[in-house]
Amino acid sequence: MAKTKERSFGQVIRDRRRQLDLTQEEVARRIKTSTPYVGHLESGKRHPSDKIVSRLAEVLGLERRELFFLANPRAQALLAPREETPANSAWEDFRHNDQIRRLHNVTNEEMEALSRVALMGEVRSQRDFIYILNTIRQALGR
């Protein structure tokens with residue numbers, strides 16, 4: 001999927017589906033959704049859930065992480081390139097901010113998950129951790 005950087009999520013899905021000689025109907029059946037929904041994804045009229053991205057990656061033989069970032073281009077911008085973590089990182093600020101953690105009812109389990117996100121690269125602000133947390137909660141149906 002090296003050339004997918006220039007193409008949209010929908011274009012990548014359509015091109016790969018055609019490469020595999022699959023119809024929208026076949027893809028829809030395999031990812032357990034409707035044919036029109038697949039068409040809307042391909043045309044950019046709908047945004048896929050993380051679950052749909054995972055199913056599409058599996059069915060179409062694409063790299064899930066790259067497909068996720070194509071579907072969510074702003075998510076990658078939250079992570080800066082890996083460099084030395086500054087002494088006063090957003091993670092450290094967030095980790096020690098009891099007020100924001102209480103306000104958003106952040107559990108110890110969620111803090112553990114966010115600590116792993118912080119290891120992936122420097123997250124720019126405490127607010128970005130709340131965005132990531134809410135995305136995780138939504139994906140888990142919480």
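## Helices and the overall fold

A helix, as the word is used here, is a DSSP run of type H or I with at least four residues, and the helices are numbered from the N terminus. The model described in this report is a predicted one.

The secondary structure of the protein chain consists of 10 helices and zero strands, so that, read from the N terminus on, its elements follow the order α-α-α-α-α-α-α-α-α-α. The chain has 142 residues, of which 37% count as buried. Among the contacts in the chain with a separation of 6 or more, 58% are made by residues 24 or more positions apart. The accessible surface of the chain comes to about 9400 Å², and 48% of this surface belongs to carbon and sulfur atoms.

## Helix H1 and its two sides

The buried residues of H1 are Phe9, Gly10, Val12, Ile13 and Arg17. Because they cover an arc of only 165° around the axis, they lie on the same side of H1. On the other side of this helix, Arg18 and Gln19 are exposed. An α-helix has 3.6 residues a turn, so residues three or four places apart point the same way.

The buried residues of H1 pack against H2, H3, H4 and H5. Just after H1 comes Asp21, which takes a positive phi of about 60°.

## Helix H2 and its cover

Helix H2, made of residues 24-31, has Val27, Ala28 and Ile31 as its buried residues. These residues cover an arc of only 100° around the axis, which means that they sit on the same side of H2. The face turned away from this buried side carries the exposed residues Glu25 and Arg29.

What covers the buried residues of H2 includes helix H1 (9-19), helix H3 (35-43) and H4. The packing of H1 was described above as involving H2, and H1 appears here in turn as part of the cover of H2.

## Three loop residues with a positive phi

Most residues other than glycine have a negative phi. Against this background, Asp21, Lys32 and Asn105 can be looked at one by one, together with their places in the chain. Asp21 has a phi near 60°, a positive value in a residue other than glycine, and its place is in the loop between H1 and H2. With a relative accessibility of 67%, Asp21 counts as exposed, because the cut-off for an exposed residue is over 50%.

Lys32, which follows H2, also has a positive phi, near 60°, and lies in the loop between H2 and H3. The relative accessibility of Lys32 is 66%, and this residue therefore counts as exposed. Although Lys32 and Arg55 are 23 residues apart along the chain, their C-alpha atoms are separated by 8.7 Å. Asn105, in the loop between helix H8 (98-103) and H9, has a positive phi near 50°, and at 58% relative accessibility Asn105 counts as exposed.

## Glu110 in helix H9

Glu110 is found in helix H9, and its relative accessibility is 9%, so Glu110 counts as buried, since the cut-off for a buried residue is under 20%. When neighbours within four places in sequence are left aside, Glu110 is in contact with Asn105, Leu133, Arg137 and Arg142. One of these contacts is therefore with Asn105, the loop residue described in the previous section, which counts as exposed.

Another of the contacts of Glu110 is with Arg137. The two residues are 27 residues apart in sequence, while the distance between them in space, C-alpha to C-alpha, is 9.0 Å.

## The largest pocket

The largest pocket has a volume of about 820 Å³. It is lined by 24 residues, and those closest to its centre are Asp50, Phe68, Ala75, Thr135 and Ile136. By residue type, the lining divides into 14 nonpolar, five polar and five charged residues.

Which helices each supply at least two residues of this lining? They are helix H4 (50-60), helix H5 (64-71), helix H6 (73-77), helix H9 (108-120) and helix H10 (126-139). The largest share of the lining, six residues, comes from H10. H9, the helix in which Glu110 is found, is thus also among the helices that contribute to the lining of the largest pocket.

How values were computed
Residues numbered from 1 in each chain as written. Predicted model: local features only at pLDDT ≥ 70, side-chain atom pairs only at ≥ 80, totals over all residues. Heavy atoms only, no water. 1 Å grid on protein atoms, 1.4 Å probe; cavity = no way out; pocket = protein on both sides within 12 Å on 5 of 7 lines; lining within 4 Å. Points joined across faces, edges and corners; volume = space filled by probe spheres on them. Nonpolar A, V, L, I, M, F, W, Y, C, P; charged D, E, K, R; others polar. Buried < 20%, exposed > 50% of the residue type's maximum accessible area, 1.4 Å probe, protein only. Arc of directions from axis to C-beta. Contact = heavy atoms within 4.5 Å. Areas by Shrake-Rupley, 256 points an atom, 1.4 Å probe, with all protein chains shown as cover.
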